[in-house]
Amino acid sequence: VLILSSFRIHNEVRAMLKLQIENKELIERLYTSKNHIEEINSELQSEITERNVIEKLLRNSEDQYRLVTNALPVLIAYIDTELYFRFNNKAYEAWFKKPLSDITNQPVKALLGEAAFANFMEHYQQLFMGKQVSYETIMQFDNEQERYVSVTLIPHKQDNAMLGLFSLMSDVTPRINYLATHDSLTNLPNRSLFNAKFTHAIKHAARHETLVALLFIDLDHFKVVNDSLGHDVGDQLLIKVVERLKHCVDAHDVIARLGGDEFTVVLEDNVSVQRATSVAQRICESLANVFKIADRELFITTSIGISVYPDDGDNIQTLLKNADMAMYRAKDRGRNTFEFYTRGMNEAMQKKTSIGISLRSALERGELMVYYQPVIDVRQNKIDSMEALLRWEHPQMGFISPGEFIPIAEETDLIVPIGEWVLRSAISQLITWHKQGHTSLKVTVNLSARQFMKRDLPATVAKILNETGIKGEHVVLELTESLLMSGIEHSIKVINELRALDVLIALDDFGTGYSSLSYLKRFPIDIIKIDKTFITDFSYNHEDVAIVKAIITLAHNLKIKVVAEGVEKPEQYLFLKQQGCDEMQGYLFCRPLAEIDATLVLQKGIKQHILEK
């Protein structure tokens, strides 16, 4: 506004002076008499005095304008329609290492150079339409290193006529360089700067014969948050995660974001296995606490892999790869923990890669199958449900443990089509059993995190129910605690949509996750399954006994059925029955069976099967 006002005043005053001079010449031609000339001379003296005043005001205005603009580090210029500089502030001297006398009244092209001038001309036509233009370009000043420059061009128009333009330029090289080396969301070093800092740490450790520890951090089920609650919530969660990470390490330790939900921490001073263990434990414990974001309460855990220089590698690529392998080992162990790299992990990773490749075509080749394990109604002493369990028989490797291939299926999103196939297969088998007279039998199917976060899950289940004609009340869908807690509001919404189909919802592995009573009452759950870890050791662990009793009492008060998993011994059965546990499953009753063998057990009844085995 100041610039525009100054130039407008300048033009108007010039026009007034020109008009006054023209009037003077006209008067001299019209009036030639002495009396008139004397009178005119008197008026002219007045006009000259007035002009001097106006010119002084103009000079003061220009002086003030120059005083302000010269104090700014931004380059300010006025360019006429012939593309010549007509005004430049003092900053031009510092940038171009030239006096203003060599810049003002010079062609724009001569000062900017070919490349920057060509970029300028690309935007020039927009100015005639009255549009302000902003862009960034690369310029070189006095043979120095190239700099990134932000340019703003403001048209100066009067009565739709283009009079010139104002140009403002500023050096944004520091900002560009910062963005090139830092993550824009968290302001942490990005992969590029991490590589530089980690490489420097390795060289320093090599000179001083010290250790460097690398912690590779990956958030568990973060994709569930992004897909169910949106990337805005996910971004806010990442920012809060970084705040907690900073409180878990020392100020000189390096935290970096490699991308997505992957972070690294480089420990360089006083490194030992004990210190790396302490930092990893603090991170796991800190991130496991509730996050409050946008009126939501979210839970997230993390898996951490640790490699140490020089024992686990002598370069950044090897150490990063080994820490990554250790991180996946932590995930395989159940997440929310950390693992140090060991040499045996290379073989495990190679096998995992081979399994991942084979898994892509396993479904098409018919290598996957569904086994069934009975869930026993304790009071009626009969099979209430058959839990569908995925199995894989590889033509070369034989039977592959679900603990090996299911996490791989989840990581690669193959679990979504595989999970739908399991649900369809289980319901198809249930229809066969109903036709054989087992009309009250239910089938239980586990849902993975990837399946649950799919927005069309309720629609997919509804479609399968409609196509098969099975009633929702005969289908139990199992979810884990950690899955539900990753996005509470989304979980409640999806569960309500599933229950609208009359589908029953079971909370699997209860007790191993958050087990928060305040959250449990918010979920519309039909069944709680006590994790087998509490059943296996309860005979000599008084804490497990207390936990099992509390879970059963709590669930019954909430009108929720209780199922105990992993029942293998008669004393476990007797204790659980005494405590009022509704249903049980485990090797004491029956192992998981192929559909033919499961059908035989249904026909004989569970009592006869137990007697025979």
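Here are a few notes on a sheet, a helix pair and one buried threonine in this predicted model.

1. Let's start with the sheet. It is open, has five strands in the order β7-β8-β6-β11-β12, and its pairing is mixed. At the edges sit β7 (254–259) and β12 (337–340), each with pairing on one side only. On average, neighbouring strands are turned by 20° against each other, direction ignored.

2. Inside that sheet, have a look at β6 (residues 212–219) and β8 (residues 262–267): the two run antiparallel and are joined by six bridges. If you want a spot to zoom in on, D218 stands opposite E262 in β8.

3. The sheet also has a helix on it. Helix α11 (residues 316–332) lies across β6, β7, β8, β11 (302–309) and β12, and runs at about 145° to β11.

4. Next, the helix pair α8 (residues 222–229) and α9 (residues 231–248). Their axes come within 6 Å and cross at roughly 140°, which makes α8 oblique to α9. On the α8 side, F222, V225, N226 and L229 make the contact, and α9 brings H231, V233, G234, L237 and L238. By type, the residues of this contact split into six nonpolar and three polar, with no charged ones.

5. Last, is T599 buried or exposed? This residue of helix α23 (residues 595–604) has a relative accessible area of 11%, under the 20% cut-off, so T599 counts as buried. Setting aside neighbours within four places in sequence, T599 is in contact with Q429, W433 and Q436.

Terms used
Residues numbered from 1 in each chain as written. Predicted model: local features only at pLDDT ≥ 70, side-chain atom pairs only at ≥ 80, totals over all residues. Heavy atoms only, no water. Pairing = 2+ DSSP bridges. Helix = DSSP H or I, 4+ residues; strand = E, 2+ residues; numbered from the N terminus. Axes fitted to C-alpha atoms, helices over the stretch in contact; angles between N-to-C directions. Contact = heavy atoms within 4.5 Å. Buried < 20%, exposed > 50% of the residue type's maximum accessible area, 1.4 Å probe, protein only. Parallel < 35°, antiparallel > 145°, perpendicular 65-115°, else oblique. Nonpolar A, V, L, I, M, F, W, Y, C, P; charged D, E, K, R; others polar.
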